[in-house]
Amino acid sequence: MLFQKKKDGLLRMCIDYRAINKLTVKNKWSIPNIGDFFDQLGEAKWFTKLDLRLGYYPVRIADWDEAKTTCVTRYGSYEFLVMPFGLTNTPARFCTLMNQVFESFFDRFVVVYLDDIVMYSNTLDEHAEHL
């Protein structure tokens, strides 16, 4: 682990996960087809998009996997309790979670694509109901 100075003077923590990523069994999740995403929008005219770019961070790591993220510094050992960006399977786990959360809304007014959630409808009144 090291800290890199950013342009604004703040420090960014950098952790090398290459060793653990080599040992991790890769999730077989594949990226959804963007054409399917647009097909689901159909005749919709009203849209609201949420970008969950930082959505990975609140996803809790399983208790038995916390030790795998241990970082040792001169100040002690630290374990991540939430998924850090850079671990293998983090994007797939996040997408699986979003699909579980929004499953009852699919094909009605919600589409989830990677870290984006799009709510859609044909009329403004219908769209406002979902918001």
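Let's start at Lys68, which is exposed, with a relative accessible area of 52%. That puts Lys68 just on the exposed side, because the label applies over 50%. Keep in mind as you look around that this is a predicted model. Lys68 has a partner of opposite charge: a salt bridge links Lys68 to Asp65, with the closest N and O atoms 2.7 Å apart. Asp65 itself counts as partly exposed, at 23% relative accessibility.

Salt bridges that share partners also tie Arg60, Asp63 and Glu66 together into one network. Within that trio, the side chains of Arg60 and Glu66 meet in a salt bridge at 2.7 Å, N to O. The two ends of this bridge sit in unlike surroundings: Arg60 is partly exposed at 45% relative accessibility, whereas Glu66 is buried, with a relative accessible area of 12%. Glu66 earns that label because buried means under 20%.

How many salt bridges does a search of the whole structure find? The search comes up with 5. Another of them joins the side chains of Arg18 and Asp16, again 2.7 Å from N to O. Here Arg18 is exposed, at 60% relative accessibility, and Asp16 is partly exposed, at 49%. Asp16 gets the "partly exposed" label because exposed starts over 50%. As a general point, side chains of opposite charge can pair when their charged atoms come close.

From Asp16, step back along the chain to the hairpin. Strand β1 covers residues 2-5 and strand β2 covers residues 11-14, and the two pair in the antiparallel sense over 4 bridges. There are 5 residues between the strands, and in this hairpin Gly9 takes a positive phi near 95 degrees. Across the pairing, Phe3 stands opposite Met13 in β2.

Those two residues turn up again on the outside of the model. Together with Met1 and Leu11, Phe3 and Met13 make a nonpolar surface patch of about 420 Å². Why can Met13 belong to a surface patch? Met13 is partly exposed, with a relative accessible area of 41%, so Met13 clears the cut-off of over 30% that patch residues need.

Now for the inside. In soluble globular proteins, nonpolar side chains tend to be buried together. In this model, the largest nonpolar core has 15 residues, and Phe80, Met98, Phe102, Val110, Val112 and Ile117 are the ones that touch the most other members. Which elements each supply at least two residues of this core? They are α3 (90-102), β6 (110-113) and β7 (116-121). The largest share, 3 residues, comes from α3.

Finally, have a look at the aromatic rings, where the count comes to 1 aromatic pair. Phe105 and Phe109 form this pair, with 5.1 Å from centre to centre and 50 degrees between the planes. The pair is called tilted because 50 degrees is neither under 30, as stacking needs, nor over 60, as edge-to-face needs. The two rings' residues differ in cover: Phe105 is partly exposed, with a relative accessible area of 30%, while Phe109 is buried, at 7%.

Technical notes: Residues are numbered from 1 along each chain as its sequence is written. This is a predicted model: local features need pLDDT of at least 70, side-chain atom pairs count only at pLDDT 80 or more; totals for chains, interfaces and linings use all residues. Side-chain values use heavy atoms; hydrogens and water are left out. Rings of Phe, Tyr and Trp (its six-membered ring) pair if their centres lie within 6.5 Å; planes under 30 degrees apart count as stacked, over 60 as edge-to-face and the rest as tilted. Buried means under 20% relative accessible area, exposed over 50%, partly exposed in between (1.4 Å probe, protein chains only). Two strands pair if DSSP finds at least two bridges between them. Patches are made of residues with over 30% relative accessible area and no salt bridge: like charges are joined within 9 Å, nonpolar side chains (Val, Leu, Ile, Met, Phe, Trp, Tyr) within 5 Å. Accessible areas come from the Shrake-Rupley method with a 1.4 Å probe; for residues, only the protein chains shown count as cover. A salt bridge is a side-chain nitrogen of Lys or Arg within 4 Å of a carboxyl oxygen of Asp or Glu. A nonpolar core is a set of buried Ala, Val, Leu, Ile, Met, Phe, Trp, Tyr and Cys residues joined through side-chain atoms within 4.5 Å.
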